[in-house]
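This report introduces the structure shown below to a reader who has not met it before. It goes from one term to the chain as a whole, and then to particular helices, rings and residues.

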Amino acid sequence: MRAAIIVRKALSELIQFAVVLIGITFLTFSIMFLSPKNPAELWLAGSEGNVGVISEEAIREQEKIMGLDKPFMEQYTTWLGKAAHGDLGVSFTTKRPVTEELIRNMGPTLRMTVFVLIITVAISLPTGILCAVYRDRLLDNIMRIFSFFGISMPSFLLSLIFLWFFCIKLRMFPVLAQEGFRGLILPSAVLVIQCSAKMIRQIRGIVLEQLEQPYVDGAVTRGVKFSSILFSHVLKNCAASILSCIGLYVGILIGGSTVIEGIFSVNGLGRLAVSSVARMDQYVVQGFVLWVALGYLIINLIIDILSAVIDPRIKYSRSTEDQA
């Protein structure tokens, strides 16, 4: 019975993976297809633009070369079939495989994601717990102001303020990001501020929900030390929810750093995606979306497994639902 439940759960997860990936890639393909810009015409015009008039015959010929003369569903199913075998196509701009383009630009984005996630968790976890424990005290009120600022401030505006202050006013960093760790400091700082502002409030809410449970009042009434209640029961019960909260930010950081990478000239996946959209480099955009979606789904699956290990009640409830 247990083996059957595991197999059924695994098949269910795989089907959900496939449905979500197909849906996301189909939507992205549709948006690119319906765009008024013609990739063939953009390619013929070149990066500097074409001073002359591009004939319709030249455009049609280039569309044939790029495979854009075929109907929408034929283009999509052809790409999907190749993608299922690991072939994401060839970039219209560089003529290199899309997988190679993504790998070349993956390093800075992954380094920044790991760095931002570590710093964000190191700040948000203890701060969120303290805000819940000392609710409506000075620290909690200060963090409310910080969270309001971090959540409401657009990332592009905060990035421009950092560029002006640290690069132009103080001259601590060059305007164009350098290679290596130094070039990731400012964009990482922007992401840390915005992610911490949200995560602190979320962790505070998770811990606060547990602190308001009847078992906490009962333990306090019996004379149990609050520190023992907090570390032995409250945080233990919060662990799975906090882990799920942290896991969500990995996908957000990988897919949500596009604007910041563009502003700080970081040669990462986000900047590649933005430039590819501008050039209508369809297969690069599709590859980027597929990789981000796949990574997000895999991370969620890992988080689900870890949550079930940490909190057996999750495993039990899900097995019960499967049996039902």
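A crossing of two helices is called right-handed if the near helix is turned clockwise from the far one by less than a right angle, and left-handed if the turn is anticlockwise. With that term in hand, the model, which is a predicted one, can be described, and in it α6 passes α9 in a right-handed crossing. Helix α6 covers residues 106-133 and helix α9 covers residues 185-211, and the two pack at an angle of about 35° with their axes 7 Å apart. Sorted by class, the residues of the contact of α6 with α9 comprise 21 nonpolar, six polar and one charged.

**The chain as a whole**

The secondary structure of the protein chain amounts to 15 helices and zero strands. Of the 324 residues in the protein chain, 40% are buried. Among contacts between residues at least 6 apart in sequence, 75% join residues that are at least 24 apart.

How high is the mean pLDDT of the protein chain? The mean is 83, and 89% of the residues reach 70 or more. Over residues 316-324, however, the pLDDT is below 50, and this stretch has eight contacts in the model beyond near neighbours in sequence. Where pLDDT is low, the predicted coordinates should not be read in detail.

**Helices α13 and α14**

A second pair of helices is formed by α13, residues 269-278, and α14, whose axes come within 8 Å and cross at roughly 145°. Here α13 passes α14 in a left-handed crossing. From α13, Leu 269, Gly 270, Leu 272, Ala 273, Ser 276 and Val 277 meet Val 284, Val 285 and Phe 288 of α14. The residues of this contact of α13 with α14 divide into seven nonpolar, two polar and no charged.

Val 285, which lies in helix α14, can be followed beyond this contact. Is Val 285 buried or exposed? Its relative accessibility is 7%, and because buried means under 20%, Val 285 counts as buried. Not counting residues up to four places away in sequence, Val 285 touches Ala 273, Ser 276 and Val 277, and also Thr 28 and Met 32. The C-alpha atoms of Val 285 and Thr 25 are separated by 9.7 Å, although these residues are 260 residues apart along the chain.

**Aromatic rings**

A search of the whole structure finds 12 aromatic pairs. One of these is formed by Phe 92 and Tyr 283, a tilted pair with 5.2 Å from centre to centre and 55° between the planes. This pair links distant parts of the chain, with Phe 92 in the loop between α4 (72-84) and α5 (98-104) and Tyr 283 in helix α14 (residues 282-310), 191 residues apart. Both Phe 92 and Tyr 283 are buried. Elsewhere in the description of rings, Phe 26, Phe 29, Phe 33, Phe 72, Tyr 76 and Trp 79 are linked into a cluster by ring pairs.

Gln 75, in helix α4, touches two of the residues named in that cluster, for its contacts include Phe 29 and Phe 33. Leaving aside neighbours within four places in sequence, Gln 75 is also in contact with Gly 67, Leu 68, Lys 70 and Gln 282. At 4% relative accessibility, Gln 75 counts as buried.

**Leu 253**

Leu 253 lies in helix α11, which covers residues 226-256, and counts as buried at 4% relative accessibility. Apart from residues up to four places away in sequence, Leu 253 touches Thr 113, Val 116, Leu 117, Leu 191 and Cys 195. Leu 253 and Met 112 are 141 residues apart in sequence, while their C-alpha atoms are 8.6 Å apart in space.

**Two residues with positive phi**

Most residues other than glycine have a negative phi. The table sets out two residues with a positive phi that are not glycine.

| Residue | Phi | Location | Relative accessibility |
|---|---|---|---|
| Lys 95 | about 65° | loop between α4 and α5 | 46%, partly exposed |
| Asp 136 | about 65° | loop between α6 and α7 (138-152) | 47%, partly exposed |

Lys 95 is thus placed in the loop between α4 and α5, where Phe 92 is also found.

How values were computed
Residues are numbered from 1 along each chain as its sequence is written. This is a predicted model: local features need pLDDT of at least 70, side-chain atom pairs count only at pLDDT 80 or more; totals for chains, interfaces and linings use all residues. Side-chain values use heavy atoms; hydrogens and water are left out. pLDDT is the predictor's confidence in each residue, from 0 to 100. Contact means heavy atoms within 4.5 Å. Axes are lines fitted to C-alpha atoms, for helices over the stretch in contact, and angles run from 0 to 180 degrees between N-to-C directions. Helices (H or I, at least four residues) and strands (E, at least two) are DSSP runs, numbered from the N terminus. Ala, Val, Leu, Ile, Met, Phe, Trp, Tyr, Cys and Pro count as nonpolar, Asp, Glu, Lys and Arg as charged, and the others, Gly among them, as polar. Rings of Phe, Tyr and Trp (its six-membered ring) pair if their centres lie within 6.5 Å; planes under 30 degrees apart count as stacked, over 60 as edge-to-face and the rest as tilted. Buried means under 20% relative accessible area, exposed over 50%, partly exposed in between (1.4 Å probe, protein chains only).
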